[in-house]
Amino acid sequence: MKFRTLKKQKKAKKPTVKYIYASYLHRIKAFITDMFMIYAPILYLIAYIIMDGKDDFQSSQLAPFIGVLIYGLIYATLLSRFGQTPGKKAYEMKVVDDKKGELISFFRAACRFIAFLFTASTLLGLFLPFYRKDKKGLHDLICGTIVVIEKKD
């Protein structure tokens, strides 16, 4: 076969990507996985390596804030770079822009994390995905993102 025909065949066989809305149950499982894989080690390092133990950690008001801040930076970096955290990767999910389907920026991922903290503290936005077809939480609505599962044909 000629090189040109091989090249044309390669171009013709591009896989199409379909997005399916990620279920809320999978999103919760991914969140729990992220808590164990990212947040728990951060808290361990702060409590036992930086501070003198759990008593100092519990008496400090700054230590939990620093833990959440470090987790938020890691979370935003992973979402902006790869579109997924380790928990989302385990369940084959991605966070993308709801209009274009592209990865989101670091700033937008950080805003999404802050909006998630607000949503989780009020519990209002956590029940929103049960009533929407696209399974968006309040933090997804605020930031214009969506959590999807990619299916390639």
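In this predicted model, Met93 touches Ala22, His26, Arg27, Ala30, Gly83, Gln84, Lys88, Val147, Val148 and Ile149, leaving aside residues up to four places away in sequence. Met93 also belongs to the largest nonpolar core, a set of 21 residues in which Met93 and Tyr71 touch the most other members. Two or more residues of this core come from each of the elements α2 (24–50), α4 (62–82), β2 (93–97), α6 (106–122) and β3 (145–152).

Tyr71, the other residue named with Met93 in that core, leads to the aromatic side chains. The structure holds eight aromatic pairs. In one of them, Tyr71 and Tyr75, the ring centres are 6.0 Å apart and the planes stand at 35 degrees, so the pair is tilted. Tyr71 and Tyr75 are four residues apart in helix α4, and therefore about one helical turn separates them. Tyr71 is buried at 4% relative accessibility, and Tyr75 is buried too, at 8%.

A further pair joins Tyr71 to Phe113. Their ring centres are 5.6 Å apart and their planes make an angle of 65 degrees, so this pair is edge-to-face; planes over 60 degrees apart count as such. Because Tyr71 sits in helix α4 and Phe113 in helix α6, the pair ties together parts that are 42 residues apart in sequence. Phe113 is buried, with a relative accessible area of 8%. Together with Tyr39, the residues Tyr71, Tyr75 and Phe113 make up one aromatic cluster.

The segments around these residues also appear in a database record. An unreviewed UniProt entry places the feature "transmembrane region" at residues 31–50, 62–79 and 109–131. In the model, residues 62–79 are 100% helix and 0% strand, with the end C-alpha atoms 26 Å apart. Residues 109–131 are 61% helix and 0% strand, and there the end C-alpha atoms are 24 Å apart.

The cysteines come next. A search of the whole structure finds zero disulfides. The cysteine sulfur closest to that of Cys111 belongs to Cys143 and lies 5.8 Å away, which is too far for a bond, because a disulfide requires sulfur atoms within 2.5 Å. Seen from the other side, Cys143 is in no disulfide, and its nearest cysteine sulfur is that of Cys111. What is the exposure of each residue, buried or partly exposed? Cys111 counts as partly exposed at 29% relative accessibility, whereas Cys143 counts as buried at 10%.

Helix α7 spans residues 138–143 and contains His139. His139 is buried, with a relative accessible area of 6%. Leaving out residues up to four places away in sequence, His139 touches Arg27, Arg112, Ala115, Phe116, Thr119 and Thr145. Arg27 is among the contacts of His139 and also among those of Met93, which brings the account back to its starting residue.

Key. Residues are numbered from 1 along each chain as its sequence is written. This is a predicted model: local features need pLDDT of at least 70, side-chain atom pairs count only at pLDDT 80 or more; totals for chains, interfaces and linings use all residues. Side-chain values use heavy atoms; hydrogens and water are left out. Buried means under 20% relative accessible area, exposed over 50%, partly exposed in between (1.4 Å probe, protein chains only). Contact means heavy atoms within 4.5 Å. UniProt positions are given in the numbering used here, feature names are shortened, and annotations may be inferred rather than shown by experiment. A nonpolar core is a set of buried Ala, Val, Leu, Ile, Met, Phe, Trp, Tyr and Cys residues joined through side-chain atoms within 4.5 Å. Rings of Phe, Tyr and Trp (its six-membered ring) pair if their centres lie within 6.5 Å; planes under 30 degrees apart count as stacked, over 60 as edge-to-face and the rest as tilted.
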